[in-house]
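The following paragraphs offer a guided reading of one protein chain. The reader may wish to keep the sequence and the model in view throughout.

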Amino acid sequence: METLTVRRVIAAPIEDVFDWCATTTNYTRTPFVLKARLARPGAGAPYGVGAVRLHTWLIGWFRERVTAYNRPHAFDYDVERSFPPARHELGRMTFTEVDEGTLVVWTTTFQVRLPFGAAITRRFAKPVIAHVFGKILEAAGTALTEAPTSRAGRP
């Protein structure tokens, strides 16, 4: 099993950053996430406990279930099914107010279930997933910090 952690400070209020990151359809603002949808709403909030999220990335398909939801501080999820098949122990995003905005820490523990899975996970999957997580957080930063524009495109 490999644990991957990506950190980024987003210059926006914690509630806004949490809501953007919890709303999985926002992930399609990167070219790496082709499709994302909420298959089943959670308890108390659309992306709350029990919510089922479906993602299609360039590298595979993932069915995730939200297992903990503590707005605006953290949520956990588990990858129930995926292609290519993978073992997954934890997915967690935490949000902490800092002077510059909100620190997001995204952690996942996983291993690809293929022949030579540990080597594939370490050499291929882990760097690719780290890159995609970084791009998703970059998209969050862009979406949450860009100035609103008029219809003519002027601030």
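**A guided reading of the chain**

Thr 108 is a buried residue, since its relative accessible area is 4%, a value under the 20% that marks burial. This value, like the others given here, is computed from a predicted model. Thr 108 belongs to strand β7. Its side chain forms a polar contact with the side chain of His 88, at 2.9 Å. When neighbours within four places in sequence are left aside, the residues in contact with Thr 108 are Glu 2, Thr 3, Leu 4, Tyr 77, His 88, Leu 90, Gly 91 and Phe 133.

Thr 107 is likewise found in strand β7, which covers residues 101-112. Thr 107 has a relative accessible area of 16% and is therefore buried, the limit being 20%. The side chain of Thr 107 makes a polar contact of 3.3 Å with the side chain of Thr 5. Beyond the residues up to four places away in sequence, Thr 107 touches Thr 3, Leu 4, Thr 5, Leu 90, Gly 91 and Arg 92. As a general matter, the side chains of a regular strand alternate between the two faces of the sheet.

From this strand the view may be widened to the whole chain. Its secondary structure consists of 2 helices and 7 strands. Read from the N terminus, these elements follow the order β-α-β-β-β-β-β-β-α. The chain has 155 residues, of which 43% count as buried. Among contacts in the chain with a separation of 6 or more, 49% are between residues 24 or more positions apart.

Ala 11 provides an example from a loop. Its place is between β1 (2-10) and α1 (14-22). Is Ala 11 buried or exposed? With a relative accessibility of 53%, Ala 11 counts as exposed, because the threshold for that class is over 50%. Ala 11 and Asp 99 are 88 residues apart in sequence, while their C-alpha atoms are 8.9 Å apart in space. Residues up to four places away in sequence not being counted, Ala 11 touches Glu 100, Gly 101 and Thr 145.

The next part of the reading concerns strand β3, residues 52-57. Of its 6 residues, 5 are buried, so the strand is largely enclosed by the rest of the structure. Strand β2 (residues 33-40) runs antiparallel to β3, and 6 bridges join the two. Within this pairing, Val 33 has Trp 57 of β3 as its bridge partner. Strand β4 (residues 60-70) also runs antiparallel to β3 and is joined to β3 by 6 bridges. Here Arg 53 stands opposite Glu 64 in β4. The connection from β3 to β4 is a hairpin of 2 residues.

Phe 62 lies in strand β4. It is buried, with a relative accessible area of 14%. Apart from residues up to four places away in sequence, Phe 62 touches Arg 53, Leu 54, His 55, Trp 57, Val 79, Arg 81 and Ser 82. One of these residues, Val 79, is 17 residues from Phe 62 along the chain, and their C-alpha atoms are separated by 6.5 Å.

Two loops further along contain cis peptide bonds. Arg 71 and Pro 72 are joined by a cis peptide bond, with omega of about 0°. Pro 72 is in the loop between β4 and β5. The peptide bond from Phe 83 to Pro 84 is also cis, and its omega is near 0°. Pro 84 has its place in the loop between β5 and β6.

The reading ends with the largest pocket, whose volume is about 350 Å³. Its lining is made up of 23 residues, and Ile 59, Phe 62, Ala 86, Phe 110 and Ile 129 are those that lie nearest its centre. At least two lining residues are supplied by each of β3, β4, β5 (74-83), β6 (86-98), β7 and α2 (117-145). Which element gives the largest share of the lining? That element is α2, with 5 residues. In character, the lining divides into 17 nonpolar, 4 polar and 2 charged residues. The pocket also draws together elements met earlier: β3, whose residues are largely buried, and β7, in which Thr 108 is found, each contribute to the lining.

Key:
Residues are numbered from 1 along each chain as its sequence is written. This is a predicted model: local features need pLDDT of at least 70, side-chain atom pairs count only at pLDDT 80 or more; totals for chains, interfaces and linings use all residues. Side-chain values use heavy atoms; hydrogens and water are left out. Buried means under 20% relative accessible area, exposed over 50%, partly exposed in between (1.4 Å probe, protein chains only). Helices (H or I, at least four residues) and strands (E, at least two) are DSSP runs, numbered from the N terminus. Two strands pair if DSSP finds at least two bridges between them. A polar contact is a pair of N or O atoms within 3.5 Å; within protein, one must be able to donate a hydrogen and the other to accept it, and residues adjacent in sequence count only if both atoms are side-chain atoms. Contact means heavy atoms within 4.5 Å. On a 1 Å grid over the protein atoms alone, a cavity is a set of points where a 1.4 Å probe fits but cannot get out, and a pocket is an open set with protein on both sides within 12 Å along at least five of seven lines; lining residues have an atom within 4 Å of a point. Grid points are joined across faces, edges and corners, and a volume is the space filled by probe spheres set on the points. Ala, Val, Leu, Ile, Met, Phe, Trp, Tyr, Cys and Pro count as nonpolar, Asp, Glu, Lys and Arg as charged, and the others, Gly among them, as polar.
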